[in-house]
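Have the model open in your viewer? Let's take a walk through its packing and its odd backbone spots.

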Amino acid sequence: MFDYIKLVFPESTAPSNLVQNESDSDETRWSVSPPIPTDLFAVAAILLDTSSAFSHFDPDPDGADDNDEQPWFSLKKDDRSECVSLAKEWIALHSDLHTVATPEGVEKLWGELLAEGPEPIRLPLRNRSTPAWWKTALKLLIIADEASERFGAPEAADDPYFKKAVDLKQVRTVQYGPSSETNWSDDMAYLRSHGSGATFGFQADQNVVNVFPKSRLSVAGCSHRNFSRNLTMLPKVGASRCHWHMPPRELVEDDAMPVDILIIPFPYELKAKSFKPTHQAQDSLRGGDKSDARSEWGNFELRQDWLNESDICDLAVRLMKSAKEDVENVNVVVFPESSLDFHTFGKLCTELKKLEPALEFVIAGSSDNCDPETDGPGNYVLTTVWHDFGQGPRAVISSRKKHHRWMLSANQLETYALTSTLDPRANWWESHNIGQRELHFHPFRKSSLFSALICEDLARSEPCHEVLRSIAPNLVFVLLMDGPQIPSRWSARYASTLSDDPGSSVLTLTCFGLVERSNQTQMFEPQQAVAFFASPFGQTPIHMPFKDGARGVLVTLTSMPEKGQQTIDGRVSQDSRAWKLTSTQPVKPQPKSKKNLNGVAKRLAKRRKMVNKKVR
């Protein structure tokens with residue numbers, strides 16, 4: 001087991017000022033407990049997970065009797081109280097700006113863990129005994145978790161131990177920096193947010209284990225996710241890189257106001273020729289060469305022939321004006337997958353924020369991102385969040401690539417009537433370079449967090465679902481280019497799995513263009529559901545009556561307190577919230593020419609007066 005501890009901390013567990021050189025003995029280099037709770041959590045979590053100790057824990061609130069003949073263990077009431085008390089003591093030590101230290105009780109437990117260092121990390125199959133260090137490691141995990149309360153919140157940045165931890169690692173956890181010289185407008189430049197580092201640990205090797213804040217608990221099952229309420233263990237860096245976007249100031253309470261979301265399922269019309277095959281694939285298919293690897297394989301590009309910046313901005317502004325006639329504030333605007341490009345997105349954000357000062361964030365699918373010099377065309381999700389850095393709100397943007405390519409099968413080609421441009425005898429793959437997979441997490445209320453997925457990210461469990469379930473955002477937006485969002489389709493099924501565990505509220509959104517193409521084939525009953533909402537409170541398709549003139553939907557979410565949110569060892573989360581869909585309302589854009597018509601009417605009236613004078 002000691003070798004595993006050294007794997008997590010290859011240099012040392014002690015603060016750098018206590019380690020003089022590499023020749024120092026193990027007693028010096030690893031005998032001191034990690035001084036930062038997130039690092040202690042990292043090593044305790046990976047030891048318990050690797051040894052399968054989590055699955056041997058008995059959650060009996062009174063503490064099951066220890067039995068050397070049975071492979072399970074538990075914690076007595078006194079053990080649990082001791083852990084919480086040590087965590088509070090650790091928090092109190094943080095108030096000393098000049099000291100990074102751990103309580104004596106934590107150091108004692110660390111010493112007990114090291115005393116079992118020669119023990120193997122894994123037990124033989126069907127082992128009938130329980131290692132003594134399992135209970136010690138679980139105590140250390142609970143202490144570290146409790147000592148890290150609100151660690152991902154803005155107020156944590158002012159915590160002395162957080163600052164000391166940053167000094168120890170000599171990195172910044174949150175990095176905000178200006179983007180390129182190109183601004184969206186003269187009066188609203190934007191910042192490019194790089195988010196957090198890959199881990200909130202400071203000494204633990206991120207190539208072995210990572211630690212992140214979490215938003216909510218998983219109350220069912222038995223895994224590492226059930227044993228913590230503030231921190232979570234993530235896989236090593238590689239498969240998926242996470243970013244936490246910590247706001248510069250404390251956020252409002254979840255119950256202070258609802259979240260009103262304007263859904264704009266644009267484009268409303270899609271043409272078959274918008275799905276453009278690559279020349280190489282098309283030529284091979286038409287040649288009929290079955291020996292060619294491309295005889296059943298094609299690549300397609302999505303041609304955004306619906307893009308017209310001025311028209312899109314005008315539409316969004318008119319929809320926003322109509323929505324504001326119905327509700328006091330519009331907090332969020334969401335567009336589907338591949339609906340915009342970055343330049344249009346930027347202009348749109350500028351215009352919407354001018355019209356609605358209460359706008360908190362905008363999410364949209366895009367064909368490029370905010371750094372086109374390093375990343376070419378592809379499939380991206382763009383997110384703009386407005387933060388006040390002391391001089392008024394500033395637009396902070398982040399972006400990431402889609403994790404999986406869309407494959408259009410013969411069935412989908414027929415469903416969307418695309419066989420005139422894409423040969424149904426082949427499977428057609430989206431032209432998109434995936435690169436490093438990333439996930440972004442944005443706190444938007446004091447106890448709530450949101451993240452955004454793109455289509456296949458929801459359907460394919462690897463690699464993001466393990467991360468999603470561990471961090472457990474309260475609200476997940478899924479941007480789609482898909483058919484109607486009804487309960488029987490794939491998106492609703494996968495959304496419901498996240499609403500079940502870890503209890504996230506999930507909003508899927510597609511463009512009306514593909515919904516209508518599906519309707520026009522007359523293969524199915526006509527549908528107008530452009531979105532779907534799944535939460536712990538139920539599932540609801542969201543309809544947009546296009547024929548009645550609606551071009552958007554206003555969705556209201558209300559924060560609901562959750563009871564029964566507790567770890568498997570009995571610690572209760574007092575501020576857990578879930579977001580419930582409480583109303584939907586179709587939105588018709590204000591008449592485009594209303595202002596112009598008023599001007600024309602005035603000119604005509606003036607002209608009539610002049611004519612009347614001449615007649616007289």
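What follows is a short tour, from the cores out to the unusual peptide bonds.

## Ground rules

This is a predicted model, so local features are reported at pLDDT of at least 70 and side-chain atom pairs at pLDDT 80 or more, while totals for chains, interfaces and linings use all residues. Numbering starts from 1 along each chain as its sequence is written, and side-chain values use heavy atoms, with hydrogens and water left out.

## Two nonpolar cores

In general, nonpolar side chains in soluble globular proteins tend to be buried together. Here the largest nonpolar core takes in 109 residues, and I261, V333 and F477 have the most contacts inside it. A core here is a set of buried Ala, Val, Leu, Ile, Met, Phe, Trp, Tyr and Cys residues joined through side-chain atoms within 4.5 Å; buried means under 20% relative accessible area, exposed over 50%, and partly exposed in between, with a 1.4 Å probe and protein chains only. The biggest contributor is helix 9 (residues 309-326), with seven residues. Helices (H or I, at least four residues) and strands (E, at least two) are DSSP runs, numbered from the N terminus.

Look at V333: leaving out residues up to four places away in sequence, V333 touches L262, I264, M320, L352, L359, F361, V362 and I363. Contact means heavy atoms within 4.5 Å. Another core lies apart from the 109-residue one; this other core has 48 residues, including F2, V8, L40 and V208.

## Around helices 4, 5 and 6

Helix 4 (residues 77-93) and helix 5 (residues 104-115) have axes that come within 9 Å and cross at roughly 120°. The axes are lines fitted to C-alpha atoms over the stretch in contact, and angles run from 0 to 180 degrees between N-to-C directions. Helix 4 and helix 5 are therefore oblique to each other (under 35 degrees is roughly parallel, over 145 roughly antiparallel, 65 to 115 roughly perpendicular, and the rest oblique). On the helix 4 side, L86, E89 and W90 meet E104, G105, V106 and L109 of helix 5.

W90 turns up again next to A144, which sits in helix 6 (residues 133-146). Outside the residues up to four places away in sequence, A144 touches P37, L40, F41, W90 and L231. A144 counts as buried because its relative accessibility is 0%. The C-alpha atoms of A144 and I36 are separated by 8.3 Å, despite being 108 residues apart along the chain.

## Aromatic pairs

The whole structure holds 23 aromatic pairs. Rings of Phe, Tyr and Trp (its six-membered ring) pair if their centres lie within 6.5 Å; planes under 30 degrees apart are stacked, over 60 edge-to-face, and the rest tilted. F57 and F227 have ring centres 5.4 Å apart and planes at 70°, so this pair is edge-to-face. F57 is in the loop between helix 3 (37-50) and helix 4, and F227 in the loop between strand 3 (210-213) and strand 4 (231-234), so the pair ties together parts 170 residues apart in sequence. F57 and F227 are both buried, and they belong to one aromatic cluster with F54, F73, W133 and W134.

With centres 5.6 Å apart and planes at 40°, the rings of F444 and W579 make a tilted pair. F444 is in strand 15 (residues 438-445) and W579 in strand 22 (residues 577-587), 135 residues apart. F444 and W579 are buried too.

## Helix 13 and what follows

How many residues of helix 13 (residues 464-471) are buried? Seven of the eight, so helix 13 is largely enclosed by the rest of the structure. Those buried residues are C464, H465, V467, L468, R469, S470 and I471. Helix 13 is also part of what covers the buried residues of helix 14 (residues 490-500).

Just after helix 13 comes A472, with a positive phi near 55°. A472 lies in the loop between helix 13 and strand 17 (475-479) and is buried, at a relative accessible area of 0%.

## Other backbone oddities

Most residues other than glycine have a negative phi, and most peptide bonds are trans. S338 also has a positive phi, near 55°, and is in the loop between strand 9 (332-334) and helix 10 (342-355).

The peptide bond from F266 to P267 is cis, with omega near 0°; P267 is in the loop between strand 6 (259-263) and strand 7 (275-277). The bond from E462 to P463 is cis as well, with omega near -5°, and P463 lies in the loop between helix 12 and helix 13.
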